[in-house]
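Visitor: I should like a close look at one part of this model, namely its strands and the turns and loops that belong to them. Please give the account in one piece, and add whatever empty space the search has found.

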Amino acid sequence: MRVRTALGLALALAAVAAAHAGEWPQFRGPTGQGHAPDEAAPLTWSETENVAWKAPVPGRGWSSPVIAGGLVWLTTAVTDRETGTSLRLQSYDVRSGDAVRDVEVFDISDTTLLNQKNSFASPTPVIDPSGERVYVHFGAQGTAAVAASGDSVHEVLWRTRFPYTSQHGNGGSPILYESLLIVSIDGYDTAFLVAVDAETGNERWRAVRPAPISQAYSTPLAIRVGEADQIVNVSAFRASSHEPATGREIWRVEYPGGFSNVSRPVYGHGIVYLSTGFNEPVLLAVRPTGTGDVTDSKTVWRLRRGAPLTVSPILVGDGLYTVTDSGIATCIDALTGEIRWQHRLGGNHSASPIHAGGRIYFQSEEGVTTVIAPGPRFEQLARNELDGSTLASIAVADGALFIRTGTHLYRIEETH
C-alpha cells in the first residue's frame, strides 16, 4: 500500500510505501518530504530534559539518521592525517543507543575537505523496504550496498563509483525506486542522473544533462502524476523530470544563473516546489503535467523574497514553509505564492524542517530547534537547545526525535 499523508501530498515512493511509525528510511522520511507518519513527538527538550539516550558518534559526518528494523543508521568519516579517511556506515539500537554495526565501506587517501562546513559523509543513506540492505553514497568517492546484518566478511554487497569534480564535496542523497537506486551526479566536468540495479550495482540508465553544467547537491524526489510516476531532480541551471524505468526526460524548467542547488523539492496540490540555488535564489512552483521546456507554460508562481538556498521547504496543508540560511522563516500560500508571514528565527540553518505531531520543527546549525504551529500567523511553541552543532536533519520514529550533532546521536522523547 502506498503511503498518503493527510495533507493531500503525492503518493510516496513504492520503495518506502510500507514504512510505519517506527521507520524513517530515507532523507526526509517515508515520503521524502519531511512528514512523520505518527502523531506523537516531543515538544520540549534540553541536555537535561527528555533525552532518552545520547550516543557518541566517531569521526565527522552530516548525513541524517535513517531508521528501520529497530536500528538507527548514519554514515561518518574517520580521518587520520597519516593514513587517509575511512568512510563508514554505523548503526545504533533504537531503544538503548548501543552501537551495533560499524562497517568500513570505502578507504580513501583524501584528508582535506573541499569545504570546511561539509564532510566526507554528508549524503543520507536509504534503507531497502525489506530491511535487509542499506545503501550509501559518498559522492565521487563511491556508492555501495551494505547488508543490514550478517558476518563482517560479506557485509559490503557491492560497490560502484561515478567520478566527478565538485567545488564543495558530496551532498545529495540516493533514493530507491522499485528495483533502482538513483543518484544525482552534478560536477564541473560531468552531470547526469543515474540509476543502478539495487541488487547488483550495475548501471541501468543514465540521463546526461546538456550544457551548461555546474555543481549541485540536491536529492531527487519520486512523485505520482496521473497514472504515472516521475523522478524530479533539481540541478544547476535547470530542474527536470524523468521516466523512472528509462531515465527519459519528460519535462524541464530552466533558470539561468541558478546553481549549487541543495534543497530537495516537495510536491503537493499538483505542484512541484523547488529552489533554484545560489546567486539569487528563486522558489518556483511548477505543474508537472507538461513535456519539454515548461518554464513559461507550467510555472504557477515565482518567489524571490525568502527563497531558501540550502534548506528544503515543507508543505503542510496549503502552507509552504521555508527558512533561509540566515534564519528567516517564511510561510507562503502554496497555491498563489503570496507571503503570509515572515519571522526571524535566529541562527544559521542547513537542516531541513520536519512536520510531526501537528507541529513544524526548524533546527539551526547552533543546536537550537524552534517548534511552531502551522498556520496563517507565526506562533512559536517551544525553543530547545542541545550542545554542539546540528547540520543534519531530524529523523522521527515511534514518537521520538533522533538528532545528530557534531559529536553525538540523541533520542529525544517524553520521559515523564
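**Strands, loops and enclosed space**

Guide: Strand 18 and strand 19 (residues 271-275) run antiparallel and are joined by three bridges. Strands here are DSSP runs of E with at least two residues, numbered from the N terminus, and two of them pair if DSSP finds at least two bridges between them. The model is predicted: local features need pLDDT of at least 70, side-chain atom pairs count only at pLDDT 80 or more, and totals for chains, interfaces and linings use all residues. Residues are numbered from 1 along each chain as its sequence is written, and side-chain values use heavy atoms, without hydrogens and water.

Within the pairing of strands 18 and 19, Val266 has Tyr273 of strand 19 opposite. The wider setting is an open sheet of four strands, in the order 18-19-20-22 and with antiparallel pairing. Its edges are strand 18 (266-268) and strand 22 (299-303); each has a single partner strand, so one side of each lacks a neighbour in the sheet. On average, and with direction ignored, neighbouring strands of this sheet are turned by 20° against each other; the axes are lines fitted to C-alpha atoms, and angles run from 0 to 180 degrees between N-to-C directions.

A second open sheet is built from four strands in the order 10-11-12-13, and its pairing is likewise antiparallel. Here strand 10 (175-177) and strand 13 (203-208) stand at the edges with a single partner strand each, so that one side of each has no neighbour in the sheet. The average turn between neighbouring strands of this sheet, direction ignored, is 25°. Strand 12 (residues 191-197) is held against strand 13 by five bridges, the two running antiparallel, and Val194 faces Arg206 in strand 13.

Two loops attached to this sheet contain backbone features of interest. In general, most residues other than glycine have a negative phi, and most peptide bonds are trans. Glu178, which lies in the loop between strand 10 and strand 11 (180-186), has a positive phi of about 50° although it is not a glycine. Its relative accessibility is 51%, and Glu178 therefore counts as exposed; exposed means over 50% relative accessible area, buried under 20%, and partly exposed in between, for a 1.4 Å probe and protein chains only. The loop between strand 13 and strand 14 (221-225) contains Pro212. The peptide bond that leads from Ala211 to Pro212 is cis, with omega near 0°.

Phe237 belongs with Glu178 as a residue other than glycine whose phi is positive, in this case near 75°. Phe237 sits in the loop between strand 15 (228-235) and strand 16 (238-242). Unlike an exposed residue, Phe237 is buried, with a relative accessible area of 17%.

Earlier in the chain, strand 4 (residues 84-93) is mostly covered, nine of its 10 residues being buried. Strand 4 has antiparallel pairings with strand 3 (residues 71-80), through 10 bridges, and with strand 5 (residues 99-108), through eight bridges. Leu74 stands opposite Gln90 of strand 4, whereas Tyr92 has Ala99 of strand 5 opposite. Both pairings are hairpins: three residues separate strand 3 from strand 4, and five residues lie between strand 4 and strand 5, where Gly97 in the turn has a positive phi of about 80°.

The remaining matter is empty space. A search of the whole structure gives two cavities of 30 Å³ or more. On a 1 Å grid over the protein atoms alone, a cavity is a set of points where a 1.4 Å probe fits but cannot get out, a pocket is an open set with protein on both sides within 12 Å along at least five of seven lines, and lining residues have an atom within 4 Å of a point. Grid points are joined across faces, edges and corners, and a volume is the space filled by probe spheres set on the points.

The largest cavity has a volume of about 80 Å³. Its lining comprises 14 residues, with Tyr164, Gly171, Gly172, Ser184 and Ala216 nearest its centre. By class, four of the lining residues are nonpolar, nine polar and one charged; Ala, Val, Leu, Ile, Met, Phe, Trp, Tyr, Cys and Pro count as nonpolar, Asp, Glu, Lys and Arg as charged, and the others, Gly among them, as polar.

The largest pocket has a volume of about 620 Å³. It is lined by 30 residues, and those closest to its centre are Asn118, Gly171, Val262, Thr310 and Ser350. The lining of the largest pocket divides into nine nonpolar, 19 polar and two charged residues.
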